[in-house]
Amino acid sequence: MKTTDAIPVTLLSGFLGAGKTSYLNRRLLPNLPPDSLILVNDFGSINIDAELIEYRDERIMQLSNGCICCTLGGSLAERLAELLRQPVLPASLLIEASGIANPTRIADLVRLSPRLQLQELVCLVDASQAERHSRDPRVREVWQQQIDAATHLVINRLTTDLALPPALAALLSGHPASIEKEAGAAISPAPATQVPRFTRTGAWQSFSLNLDQPIDGDRLAALFAEYADVLVRAKGIVQRQGREGTEVVQLTGGRLSWSSALRRPAQGQLVCIGTGGPRLNRLAERLRELARVEAGAQTALA
Ligand SMILES: Nc1nc2c(ncn2[C@@H]2O[C@H](COP(=O)(O)OP(=O)(O)OP(=O)(O)O)[C@@H](O)[C@H]2O)c(=O)[nH]1
């Protein structure tokens, strides 16, 4: 039985790069009651999402280096228990799951606690990737689990007529969730050559880099394109050579974008997520080489 003063919980899910953090900033954050807590899980040792959340008074708790739904007995359960032991409890809890998390498992954990009340399970879906995700054997299962579990679906990057791609329309037929549709697919279509094909069969893997010098943005983009078959997602806060200020770099669905950063960490940070195996390892090496070359060039000039 839930107590009447149970903490309301919103769980935010959606595949890698679907737009969870953007939606959190734009739609959820402004409506959170004061003294809320945001729990962010990122599938990497550096939690870029926590840096990208535009929090002000809310407290933020990070869970990095693993996916919460896969380490349920560990970090998430521990963090929730820790949270419930605090003398002052948050007014509400917002959990942003990692892009490869099965939200049902997280929701079950929340439901187990009489002190927590799961209010909404929001799932972000990138409509421009729906056909590909529905066919891809590595992605399909978790993508469908995320959609199936949702009580509120946000379908973004639709064409201006808001028509659902056939694969998504089939999946949503009879789905009880409320549906919010957003256009915007045409903003920056991914070049066909850069759309990842998920040809490898290894498990998801991530690697992170700390960058202490400005990086060559063109060479970074070229490496991302060369390894598009294994690299699914990249995000970071970096200083680009020849540019003023720190920038957020985002790679999702084969689209690379840059925007100015809200915060400036002590060092540049880059996280890449993809299909584990020799090619992803090679990409990590080549990015490290690129970072070292940049650092060397700067040192030589100084
Ligand atoms: N066109 C378009 N781009 C979006 C939308 N939402 C997010 N993006 C872009 O997609 C990229 C990834 O957005 P995020 O909000 O970081 O996605 P995420 O689901 O939090 O990513 P992960 O936590 O890595 O899984 C960024 O470059 C965003 O600007 C949208 O509704 N339309």
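The exercises below, each with a worked solution, concern a predicted model.

**Exercise 1. Overall make-up**

State how many helices and strands the protein has, and what percentage of its residues are buried.

Solution. Begin with the secondary structure: the protein has nine helices and 12 strands. Next take burial: of the 302 residues, 41% are buried. Then turn to contacts between residues at least 6 apart in sequence: 79% of these contacts join residues at least 24 apart.

**Exercise 2. Two domains and their contact**

Give the bounds of the domains, and describe the side of domain 1 that touches domain 2.

Solution. Step one is the division: domain 1 covers residues 7–183 and domain 2 covers residues 192–301. Step two is the contact between them, in which 18 residues of domain 1 meet 19 residues of domain 2. Step three asks which element contributes the largest share on the domain 1 side. That element is helix 2 (residues 48–52), with three residues. Step four sorts the side of domain 1 that touches domain 2 by class: seven residues are nonpolar, six are polar and five are charged.

**Exercise 3. A feature from a record**

Find the residues to which UniProt assigns the feature "domain: CobW C-terminal", and describe the chain there.

Solution. According to UniProt, in an unreviewed entry, the feature spans residues 204–291. Over residues 204–291, helix makes up 27% of the chain and strand 43%. The C-alpha atoms at the two ends of this stretch are 23 Å apart.

**Exercise 4. The shell around the ligand**

Identify the residues that come nearest to the ligand, and say which elements and domains supply the shell.

Solution. First, 21 residues lie around the ligand, and the nearest of them are Gly19, Ser22, Gly99, Asn156 and Gln250. Second, two or more residues each come from helix 1 (20–28), strand 6 (152–158), strand 9 (231–239) and strand 10 (246–252). Helix 1 gives the most, three residues. Third, the shell has four nonpolar, 11 polar and six charged residues. Last, domain 1 and domain 2 each provide at least three residues of the shell.

**Exercise 5. The buried faces of two helices**

For helix 1 and helix 4, list the buried residues and decide how they are arranged around the helix axis.

Solution. Start from a general rule: an α-helix has 3.6 residues a turn, so residues three or four places apart point the same way. In helix 1 the buried residues are Lys20, Thr21, Tyr23, Leu24 and Leu28. Viewed down the axis of helix 1, they fall within an arc of 160°, so they line one face of the helix. The cover over the buried residues of helix 1 includes strand 1 (7–14), helix 2, strand 4 (93–96), strand 5 (116–126) and strand 6.

Now take helix 4 (residues 103–112), where Pro103, Ile106, Ala107 and Val110 are buried. Viewed down the axis of helix 4, these residues fall within an arc of 100°, so they too line one face of their helix.

**Exercise 6. Positive phi values**

Arg157 and Leu162 have positive phi values. Locate each residue and decide whether it is buried or exposed.

Solution. Phi of Arg157 is near 55°, and this residue is not glycine. Arg157 belongs to strand 6. It has 24 C-beta neighbours inside 10 Å, so Arg157 counts as buried. Phi of Leu162 is near 60°, again in a residue other than glycine. Leu162 sits in the loop between strand 6 and helix 7 (166–172). It has 11 C-beta neighbours inside 10 Å, so Leu162 counts as exposed.

**Exercise 7. Sequence and space**

For Asn281, Val293 and Leu80, give the element, the burial and one C-alpha distance.

Solution. Asn281 is part of helix 9 (residues 278–301). With 14 C-beta neighbours inside 10 Å, Asn281 is partly exposed. Asn281 and Gln205 are 76 residues apart in sequence, and their C-alpha atoms are 9.5 Å apart.

Val293 is also in helix 9. It is partly exposed, having 14 other C-beta atoms within 10 Å. Val293 and Thr275 are 18 residues apart in sequence and 26 Å apart in space, C-alpha to C-alpha.

Leu80 belongs to helix 3 (residues 72–85). With 23 C-beta neighbours inside 10 Å, Leu80 counts as buried. Leu80 and Gly174 are 94 residues apart along the chain, with 34 Å between their C-alpha atoms.

Notes
Residues numbered from 1 in each chain as written. Predicted model: local features only at pLDDT ≥ 70, side-chain atom pairs only at ≥ 80, totals over all residues. Near = placed C-beta within 6 Å. Helix = DSSP H or I, 4+ residues; strand = E, 2+ residues; numbered from the N terminus. Nonpolar A, V, L, I, M, F, W, Y, C, P; charged D, E, K, R; others polar. Domains from an automatic or database assignment. Buried ≥ 20, exposed ≤ 12 C-beta atoms within 10 Å, placed from the backbone. Arc of directions from axis to C-beta. UniProt positions renumbered as here; feature names shortened; annotations may be inferred. Contact = placed C-beta atoms within 7 Å.
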